[in-house]
Structures are given as structure tokens and as C-alpha cells.
Amino acid sequence: MSFFGLDCVKKKEEETERRIRANDREYNLSFRYATNAIKTSKYNLLTFLPLNLFEQFQRIANAYFLCLLVLQVIPVISSLSWFTTVVPLALVLTVTAVKDAIDDIHRHKSDRKVNNRKAQVLINGELRSEKWMNVQVGDIIRLENNQFVTADLLLLSSSEPLNLVYIETAELDGETNLKVKQALTVTGEMGGSIEALAAFKGEVCCEAPNNRLDRFTGTLVWKEQKYPLDNQSVLLRGCTLRNTEWCFGMVLFAGPDTKLMQNCGKTSFKRTSIDRLMNVLVLFIFGFLVLMCIILAVGHGIWEYYEGSKVTGFVPREESRGPALSAFLMFWSYIIILNTVVPISLYVSMEVIRLGNSYYINWDRLMYYNRSDTPAEARTTTLNEELGQIRYIFSDKTGTLTQNIMTFNKCSINGKSYGDVIDHYSGQRLEISEDMFPVDFSFNPLADSKFQFYDSSLLEAVKLETEEVHNFFRLLALCHTVMAEEKNNDLVYQAQSPDEGALVTAARNFGFVFRSRTPESLTIVEMGVQRSYELLAILDFNNVRKRMSVIVRSPEGTLSLYCKGADTIIYQRLHESCSKLMEVTTEHLNEFAGEGLRTLVLAYKDLDEDYFSEWLQRHHEASTALEGREDKLNELYEEIEKDLLLIGASAVEDKLQDGVSQTIEQLAKADIKIWVLTGDKQETAENIGYSCNLLREEMTDVFIVAAHSTEDVRRELRNARAKMRPNAGEDAFFIPESILGNDPKVVQDETVNGEFGLVINGHSLAYALESSMELEFLRTACMCKTVMCCRVTPLQKAQVVELVKKYKQAVTLAIGDGANDVSMIKAAHIGVGISGQEGMQAVLSSDFSFAQFRFLQRLLLVHGRWSYLRMCKFLRYFFYKNFTFTFVHFWYAFFCGFSAQTVYDQSFIALYNLVYTSLPVLGMALFDQDVNDGWSLEFPQLYVPGQLSLYFSKTAFMKCALHSCYSSLVLFFIPYATVYDSMRSDGKEGADYQSFALLTQTCLTFTVCLQLSLDLSYWTAVNHLFVWGSLGMYFIVTFTMQSDGLYQLHPPSFFFVGTSRNTLDQFSVWLTVFLTAVLCVLPVLVHRLIFIQFKPTINDKVRFKVHQKKDQRPSPQRRTKIRRSSTRRSGYAFSHTQGYGDLVTSKRFLRRSAAPRSTGFTPKGRSPGFKPTGRSAGYSPSSKAQNNKQEVEPTELQQYRTVQDSTF
Amino acid sequence: MKSEGEFVNQPDNTAFTQQRLPAWQPMLSAGIVIPLFTLIGLAFIGIGVALFITSQNIKVQELDYTGTATSSPCFQCSGLSIQNCTCERNFSLSELFEGPVFFYYGLSNYYQNYRQYGVSKDDYQLSGDTTYFLKPQSYCSPYQYSNNKPIVPCGSIANSMFNDTFRLYLLVNGSRKQVPFDGKGIAWWTDYNIKYRNPSPVNGSFAAAFDGTTKPVNWQKSAYELDPTDQANNGFLNQDFLVWMRRAALPNFRKLYGRITGGDYSQGLPAGNYTLQISYNYPVLSFGGTKKVVFSNVSWMGGKNQFLGIAYLVIGSLCVVMAIVMLIVYAKYKFPDNDDA
């Protein structure tokens, strides 16, 4: 298997182009292209052990211990028996191997599942059901609706007109909208004819397998004619066929050669900053180890020279071995003995701790969202402590901060505002809450039951047949590009933007039901009466116009123009007579905007028949003009959209997720900076910024960068900086040398007076991210409290994250829910996916996932903080206990002729880390909390030490080392002094080696236990069990190891027999243990107390406070609803892109065969470099998300098809 | 909760999964630490005083007999080539040396804790496993074979066994009266009863069990001749051998040679003049070591050791001082009780 694989790899390197002949397996087999079987598993039964071991020994720690093991079996230097290393190493290897095996079994299973899917393959002139893995390059496959595309196919023909097929590419690029692919006409002619297809012998010559999703080049040779092939006729594996009955395709790339698979496996391995620090420290420790060993080896050489040579009679010495050689050997012996400074169990314990803390996240009920039954999930179990160090959060907007649900909330019609519920008695506005009764729409059988509105006066107005109100809703029902579909007797709207959907739905519920449309007509049910309007023109929305209009002829024959758009734009086009109404409406608009609602102004006018026909004529000319068509059309639109009559304004709420603004406030208190990166347009982003408190009215200034050239962007950024630091003068414009010169470059935070916000759009961002500008941008952005980037592409999102990662030594977190967030989620140190409605792409590539943005505060402020705290405490203690343990050997060397004699019994050395001290520290790392979760959230400032890496750093490590040095001195010299020339109480000598070893190791065990008890701030029953249990364990194991029975079993291993019995009954031994333990801990106590007294950390303060209050939990948080009065006006309800009014109206569209090409595989606004590479892209078909997606939602293009059908 | 079926994925509500386990949360504060320090300080001072006084009451009499100085009576014995040399050291006790008196020999600059020395023994041999008599383990090298015969007991430790012997005489009215050393029961009970075992006699003869082996190079007698008078003290179970095999942790050490408990001396050594007759065999001058003998009695806390007492006293006092200092500091600078936390 592997040989074959190797072969393939070699071949692939050579493959520069691919030649395939349809229906000719023999010919295609001669090239040995990969089959469609995929293999993501790493091992099989036979290769598991060697491969897995090989992989494991590639890890530096394991290799290190393997080397030690080798050293230990060399008799001349073996200072410790081999089992002291083998026991822990075997344990570590086994645990990892079991984990790997389980993972691989899962991979095998999913491989098998995918490989065994059935596909219909054309073989020998008939369709046969084949397993996916048996599909080969050149085969012709029939796909049916909602099936996954088996391999990368060349589309030959389809059931749809013009050989179109619709595919969903969510798995590849995460976009949920459908895309169109079209087969060549020449192949399309074959249609569904099996005979024709079986006779098809076209030859394809195309590029070699690659991972570019948006590009394909090749040629088809058929009947001696050459046809160019491009991306337009290629279906990629991972897509799903939608709205297409069937299609036929020829396999171009199969299995591992498919673009999907070529994009897999590039998951970058994330490491936490503590991991990186650990690597540095381990190197440092290693150097230190070598240094110690050199000192001891030199010491040995000197000792040998002066002393050892004279004691030949007693000390066995090889005569031939001079002091130098002896010292050299001793160096290695000491490497073995002192190896415990780099403990293997450290790595294992770290993994266990992270795993444990990940489980807490999975288990947290307060991060469980019951509406979608989704618990939080730690998908990566190795990044927990990094959650406690976040300094920058990059957040997506739609679906992350907002629910991506728009609701029609308020409106102003003819100077009257609707939507607020007024208390009849007090005349006060009431807060809308769940327990209020919404307006009853039962009079309307077509009403959408999910729609809720609380102000009944609007419905009364409708029922009273108020002219303006009817007009208002008529406009909403007519002026849009929504498509309607009857589905199971239910009316379903397909809207391009949720805003439009909300407005049309509102009209529907108030009795103006939009039923259906054709390119030429709109059918609505007005108060129960069906009426059909002739649709004469759609003046579509675009970014400049910021409005859309329709021109319709009512059944009665009146010509009207209905227009909706941004207030500023519409106001310029109103008739003078509306000025009074304008004032009132403006007031209402301000009110709506202040509540963060997205507003639209609605207006209409009746048209003169003659004028209109003349206009239509000109319009027709303009739309067929070859030059300046756009401008001409725009002029015409301008001309007709004037002297409008104001109807009113609508206000749509872009619903924020629950608790977003509180969360943001909390995170801000924790000194975390939040940058919003959204693909949405500037106005929407700003609006959301205000409504979720990221931008505030009180801010000193909000800079908006929207320039179109490098120079402009630079100027705007500099102006912003000059405003923020007016005194900084010239140097503010120049980047200090230190930033440019040094490597790694770190941009320090700059302090500014006041709070600033920065809004930058995608265009400007593209310039700002150029290498010459990125520092300018970063400095400016980092001086602002809030940064919002709008209209950014996924690639830019990642670039912004990378920029911050590069110049700020800060931990970043990216949170998002859609496929367009994948790149940033992967780029950031920590990626968080919101498991929302937009598919699972973001979740699949995230490290943590949950359902609601507000859970982020709990993830960071509680779980992250605890994880970080625990990990740091763990590391500090672990280093302490191991250094202390090891250094004692160093001191002893000076008293044993530097002969690599261990101080302790060998079994103690083997078990110290595994049995005697592992559980208490694990218990600490799994249960410790300084203050409980409630207080953690009450004081977000507690998070700050984590950002500054205060709990574990190089300094902290040095302190640990010094502390251990002190402890080891105490631990060696106190027992030394007590046993020196000492006698036991029965007169026997007390200074024998075995008693000394037992005494020292008992002192050590007690000391490290006491130290742990001092560090432990949260004593649960488990901690008690672990601490006391470990101490008990020490005695039980020691007595067992030194028992008669074991000795008789194997004398050389258990020659300490009887030592504990004979030693631990001595009063002086216990006095020594007590003395050393106390002496080791006293300075720590004094030091800590003095620091708490003089320089209390935030942590100490909070703990003190909590302690004083004696409260277990803080009082429940008062949820204050933030009400702002704002003069800002914003937001209008249109989608991001040019509307598809074009599509809705055109019969031309279909006939213009070139048209669909623009909706091809190149995602709009996305850089071609963006490669969505889902972590499990290989099997996402079997994942949860996809299963949910099985039932097909009708999409815009399907809508379009119904429209098109009616015209034929 | 789960029975509702809707919330299948809802995590369990247990104190453990929600991290709400009841816990004791001690907090380091002056209110705890200062009394603690005072308490520990006082306790330590108490223990220290007791230890110090006890240690003061222990009598120790040391006699160096290395013979480096020409004036030393053992000088003539210290030469390397002299065999079966005997020397005498006189000393006098002005008052009763309270019993039981223990008699030790002490060596200095002797690295019994040298690693290669420490492993140079065969535990199988010493536990009476005769298969290893003929094939000693390689740890014993270079004292594994001698003249192609396996050494029993092999290895450096056994080979270097201390072989000076001592006789103590009390001068009573001009004549010497031997003070008997009790050489039994000076080894650990576990060593004598469990760790070391003699091989079973072959054909009724203990010596025959050692057939085909040879004695350690430095030994004058074979292991089975260590105490021919008392089979219970012979071979590997010889108490002097056991004491020697329990190697010392530090380069200066003492080992018990015998107890003075018998007959007239159960109360201790009476005042008077004594002569210690030393059969000087063990060479130490070559590596700059010294030899000495020590008479000592013991208390509940063992032999004379000033260190523990002094250490307890010093640390106890330090604790009290620290407690006072902290109290002053605490009184002056109260815990910052402001609300800016």
C-alpha cells in the first residue's frame, strides 16, 4: 500500500498535464491516476506500532528520554537503573498510542463511510451503482438532486435548460447561495441519453491536480474539434447538487487528486504561548543541566586526581581509566541522574490538565444554549490556558454579534409613530417583554405566525382603511425583489436580504400579502382581495443610489412609482408639499436611529401615462446603448424619481444576540480590545457598533477611513493619529527606529487622551494592509478603543489578525460563525465558532464553539482565566518540586566524590513524579479557583494579569528555580547535619546511606506537600484526598518496597529492605522532617504576606473582598438596559450587493447565455487567494451540519426558475 | 431535566461538572500568619531547649588512633608494611560514664558512599543463594574473581571490611581488668534476620557450602571463619560484617563496634584509668583518612547532636521575631481596604 502510495507521489511530481479519455478505463489506467478512494487514516494494524512509535519519538521530549534510556543501559555510566526511565516513558507512550489509535479508528470509519457511498457510474453502456472508491478517472457518472458530487467532474449534460446545474458550495467555500455551472453545448446535446453518453469518447487534456478552487483550464477534443474548458463546466467534489433533477459528468480528478482533498491537511498546528515559553525554558533547562553536569564532572576529575587514586584498595577503579576519562563518563552518569529537571511527566500532566479544563467547558450549563440544544464545545483540547491571555478579539458581525434576524419593529406613517406600547394609565412607554401579548393577526389567513408586533393601534389603522397606512403597506408589498413560493400551503419568501424579508413579511401580516411574481406582474392580496399589478420597471438599488423603486400599473390602471431608500437620499427628492410631514418623520427617524434601528423612508408618486411611455422609450434606448449605459440609465432614474410624496418610514431591528452589549462591556473592562471585521457595509457596521456599545456617542471622535488611494489612506490615518495625540508632533508620523530595526518587532501601546473609534472600509483596508502602511494602520488602530473594519474579504480578515499577531505580542481570538470567518479563525491564536444557522464551516475549523456570543465572557473570564491560573500554578509548582528534587543530588555530589551516587532510593526516583507528587498537583490544576465564577465575572479586571503573562514567565521561572535552590539546600544540609556522626536512640549508628536516603526523601515529600498546600487556594474533598492520599501512598509504597516479601522475591531491586521500619521509628527523624518542611516554607509565607501587605495584586484585593463579605456568590447582576438617545441616523434595509431586480424582470437573462458566467465559482468580494480548507473537509458530508442541510431550502435561483417557467 | 428529551445535550448539573464543589478556601492573611508564626516559634523554642539540654547531657569520649603524629602510640603501626601490629591508647574518666555505653570506631575521608563502591556487592550471594557463589554478579568487579576462583562475599564493600580489633582494660590497682564488649545485636534486626542469609550447610558442614570459592583478597579469614565460636554470628550473619556492609552516607562516619553492658558495667564505665588495646590492621594513611574510637551514651533522641537543638532554637526565635516585625508592619500599613479592586 505504502509503496504504491510512494509511487503515486513520484508520479504526481512529474504530472504536468492530465489526459483522459471518456469511457476508456484501459487508456486512463495506463497513467495510474489516483482512484476515488480517499485515505485520511494514518495507520493500519501492521504499521500502527512502528509508525506510531516513530512519530512519538519525533517529539523532542520522548526522544530525550529514549536517549537517556540508552545511556542508562551502558554499564559504565549507568547511575540509575533503567526502570526509572522506562516506567514513565512506557506509560506516556502507551497513553499517547491509545489516543492516536482511537483517533485513527475514527478516521478509518469515516473514510470507509465516504468511500462506500454509492454513485451511478456508466459502465459498458449501462448505469451501475458503484461504491465511490471504485470510481475512476474518465468514468461518466450520473448525479441526482441533493447528491454530493463524487469527484471533480466535467459537466457533460443536465436535465435543466441550457445544460445548467445549480450547486451548493458550502463545503468548499462556505457560501450557502447556489452557483450555476453550465456544460458545453456540444456535450449538453447528449442530454440524458445513455447510448449517446456511452458512445462519448471525448478526450480531455487538462492541468495537473492542484488546490485552486477558482481556476481550471483544459481542452476537450471530441469529433476532431477542440473545445476550451474552464471552471464554468467543472463540478468539484464537496459540492452538492441542488434544484437539478440529474446531470452527467466525467471524472477528471478522483480521490486525493480532487481540489477538495488537495486543500485538506494544511491545518496549522496551534500552540499556546505557554507552550512556546516552555520550549525556550526546556532549552534553557537543558543548558543548565549540561552546565551542572560539567561542574560535577570537573569536580569528579579533580577528586579522582587528588583522592580517588589513593583509595584504590577500597574503591574499585579501573587502573587504565585516568581522571579525565573518568570525569567524562561521570558527566553522562550525572546527565542520567539530573535528568529529572526536564520531567517527562510534565508534558503528560499538561495534556491531562488541558483535557480536564476542556471538559469543564463542554460541561458548563451556563454556556449551554437550550433553544438550539447546543452545549459549548472545546474542539481543541490543547489551548485552554491561552483563553486566559486574550488581548484582542476579532469578531464577525452578522450571526455573531447579531442574530441575523431582522424584525419590523416600528414605523412612522403620515407623521404618526407606531410600534411603541403605551400604558393606558400612565401614558408611558412600556418595555416590550416576552409576557406581553402580541397583536392578533388571526383576521388574516395568510399571516406569518412567527411575526410579532405589539402595538395594536397600527392594525386598527389598517382596519379603518386609513389611506396612508394602506399605501405604506402596499408599497412594502410591491417595492422589493423578494420571491414567493407556496410550500405545503404555506407562503415562503426568499429575500435577498433579511431586511427586505422583514418588510415584506410585515406588509403580509398587516393584510397586504405578496403572493407571487412574474417578470411582468406582481400579485398581492390586499385586505383579502387579490389584485395583480403590472410591473413596468424596477429601478434597482445600488450603492450610489441607495434607493430602489418600482413602477407598477394597478388593476384600475393607475401608474405609480413606489420608492424606498435612505432618508438623506429620499428627502432630496420629495415634493415641497411634504416639508411639514418631513419634519415630524425626521423626529421619528431620530428616535428610531437612537434605538439602533435600521430605517428606510418610503415615498411614492403617480405617473402620467404619456410621460411614462416616453420615458420607457428612452429607458429602452439607454439600456441597449453600447457606451455609458450605466450613466444614461442613472440619469433616467434620477429624472423620474423626483417630486415624490412622503408616506413614512419603517424601522427594522437588526436583532443583536442576547447580552452582546453587556458582554462587550465586560470584555472591555478586562482590557480586551474588540475589533469588528465584517463583510457588511459601513453603515450597517457602524449602526451595530453603536447598538452594541462598541461605538458610543460619548466617544471623543470616531474616525472614518474611506479613501481610495494609498496616499489618502495614509493621510487619513495620520490625521487621526494627530488628533489623538496632538502633542506628539512630528514623531507621531514616523515609526521609531526601534520598531523598524529590531527583530522581532513589537509595537508598544501608545496612550491617548479620550476614547476614539476607528471605522475603516475594505478598500482603504486593502491599502492599509500594504507592507509600507501596515504599521501606520496598526499604530492608529491600536490607539483607538474600538476598531471596525467593514466590507472586508475573508482574506483581509486573516490579514488583520496576522498583522496584530505580528507586531503586538498579544494573544488574539477570532470569533465568527460563517465560512467567511474561517480564515481569521484559523489565523488567530484561538478561533471560536458560533454554532448558528450559517452552517458549520466556522465551527469545524474553530478551537472552541458555542451558540451565543455572550458565552464568550464566560469562556474567557471564567474558564480561560481559571485555565491560565491553573496551568501557571501547575507549572510553577511542578518546576519547583522537580528542581528541588534534583538539586539535592547536586549538593550530595560534593560529599560522595562526585560519583553520581543518588541521594534517594531508586524506586523513589522512579515513583516520585508518577505516584507521590502527581495527583496533588493535578488536583490543584483541575480544581483550583482563586474566586468562584460569579466573582470572576463581577471583577473582569482579574483577567488582566493573564494578558500580561504575570503568572508564568521567565522571571517567574527564575524565581521558582531560586526557591528550589533554597529548598534543596535546606533539604540536603539539614538531614546532613542531623545525621552527621549521629546515633540512633538504640545506639546503632544513624548515618548509613539507606537511612539517610529515606530521611531525605521523606523530608522532600513532606516539603513539597506542604508547599502545595500553601499554593492550593481551593480545597475540595478531592484535593484533600489527593494530598493526604499521596502522603499516605508514599508511606504505603515505601513500606511495601522495603518489605521482606519483595526482598526475597528479587534481592538486588529491593535491597532497602527494612530501612523504613528502622528509620521512621526514630524521634530525631521526625524532628528533622518537621524542621526541613517548616524551614522551606517559612520564607515563602513571609514573602507572600509582605507582598499582600505592600503590593497587593488585583487578585489579592478581590480575594480579600470576597473573604470579607463571606458571600459565596456575588449579588445577581443588575441587567440595565442601555437606552441611548442618539442623533445618529443610519441603516437602511438593503442587501450588500447590487440587487437582482435585473434577474427578476428579465426574460432576456435566460437567453443571454453568457450571463450566468458571472455567478460562477469566483466568489464576489473574495480574494482568489482565499482557500477554504475545512479541517474535516474530507468528510464533512457525514458531519452533523450537512445532515441538517439535507432538506433543501428553495433558493433564489430556484425561485427564478419558477418565474422563468411561467414566461415560456 | 433530561427526561424532557428536548435538551438532550444539556450538560449534567452536578457540583463537579459545574465546578461548584464545596471547598475550603483558606486565605493568607496577617490574622492567620502572625499567630501561626508565634505559635511555631514558641513550639520550636520549646523543642529546641529540650533537644539542647538532652544533647548537653550526653557524654562522648573520642580517641584518635591513626598514628600520624610521631608522638602517637600507634605511630609505629601506621606504616603500610607492618603486620599484626598492636598499640595502646590510655585515657581516664574522671566520673562515671553513664551506661549503656556504646563503643564505635570512626573513619574519616572514607568514601563508602562512592557509587561504584556502593554497588560492588552481590545481593544474591548475601541472601544465601549458592548459585551466585560460583558465578558472582559483575557488579563485584574487580573483586569478582581471584585466581579464577569466585570470591564470596564478592565486591569492594566486603573486601574492604574493617579489621581492627579492640580490647578495653580498666586499670584496677595496677592490674588490667578487661571490660567486655558485647558485639551481638549491634546490627539491624532486619539485616540479621531478613536481608542476609547464610547458605545452608552442605553435608552438615557450613564451610562446605563455600566450596569452590575463595575469600576476599584483603581478608585473612574466610567468611565461614568470621566467628567459629558462634555459628549464629558466623558467615554473612557476623554482626561486624553486617555493620560494615551497611555503608555510610557521608565520608566521615562511625560504626558500632560493641556495647558495654555486661556485669559490672551495666551502670556505665566507672571513673578510672583505661587502656584501649588496638590490633592495628586497617590502613588509612594512604588516602589521608583517620581512625578513631568513640565512647558514647544515647538519649531518647539518639546520640550527641547539638545541631538539631540549636537549629530549632534559632528558627523558633526567628519565627517570633518575624511575627513581631509583621505585627508592626501590619499595624502601620493596614491592608489596603479601598474599593478600587
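1. I begin with A:Ile141, which is buried, since its relative accessible area is 0%; here buried means under 20% relative accessible area, exposed means over 50%, and partly exposed lies in between, with a 1.4 Å probe and protein chains only. This is a predicted model, in which local features need pLDDT of at least 70 and side-chain atom pairs count only at pLDDT 80 or more, while totals for chains, interfaces and linings use all residues. Residues are numbered from 1 along each chain as its sequence is written, chains are lettered from A and ligands numbered from 1 in the order in which they are written, and side-chain values use heavy atoms, with hydrogens and water left out.

2. A:Ile141 sits in strand E4 (residues 140-144) of chain A, where helices (H or I, at least four residues) and strands (E, at least two) are DSSP runs numbered from the N terminus. Leaving aside residues up to four places away in sequence, A:Ile141 touches A:Gln120, A:Val121, A:Val135, A:Thr150, A:Leu153, A:Cys247, A:Phe248, A:Gly249 and A:Val251, a contact being heavy atoms within 4.5 Å. The C-alpha atom of A:Ile141 is separated by 64 Å from that of A:Tyr1018, which is 877 residues apart from A:Ile141 along the chain.

3. On the surface of chain A, the residues A:Leu66, A:Val70, A:Val73, A:Ile74, A:Val76 and A:Trp82 make a nonpolar patch of about 520 Å². Patches are made of residues with over 30% relative accessible area and no salt bridge, nonpolar side chains (Val, Leu, Ile, Met, Phe, Trp, Tyr) being joined within 5 Å and like charges within 9 Å; accessible areas come from the Shrake-Rupley method with a 1.4 Å probe, and for residues only the protein chains shown count as cover. Within this patch, A:Ile74 is placed in the loop between helix H4 (60-72) and helix H5 (83-115) of chain A, and A:Ile74 is partly exposed at a relative accessible area of 34%.

4. In chain B, four strands form an open sheet in the order E2-E13-E5-E10, with antiparallel pairing, two strands being taken as paired if DSSP finds at least two bridges between them. The edges are strand E2 (60-64) and strand E10 (253-260) of chain B, each of which pairs on one side only. Strand E5 (residues 101-107) of chain B and E10(B) pair in the antiparallel sense over seven bridges, and B:Phe102 has B:Arg259 in E10(B) as its bridge partner.

5. The two edge strands are also joined through side chains, as B:Arg254 and B:Glu62 meet in a salt bridge (2.9 Å, N to O). This pair links distant parts of the chain, with B:Arg254 in strand E10 and B:Glu62 in strand E2 of chain B, 192 residues apart. B:Arg254 counts as buried at 9% relative accessibility, whereas B:Glu62 counts as partly exposed at 41%.

6. A salt bridge is taken as a side-chain nitrogen of Lys or Arg within 4 Å of a carboxyl oxygen of Asp or Glu, and by this rule the count is 59 over all chains. One of them joins A:Glu534 and A:Arg553 (3.3 Å, N to O); A:Glu534 lies in strand E24 (residues 529-539) and A:Arg553 in strand E25 (residues 547-553) of chain A, so the pair ties together parts that are 19 residues apart in sequence. A:Glu534 counts as partly exposed at 37% relative accessibility, and A:Arg553 counts as partly exposed at 21%.

7. A:Arg545, A:Arg547, A:Arg573, A:Glu638 and A:Glu641 are linked in a network of salt bridges.
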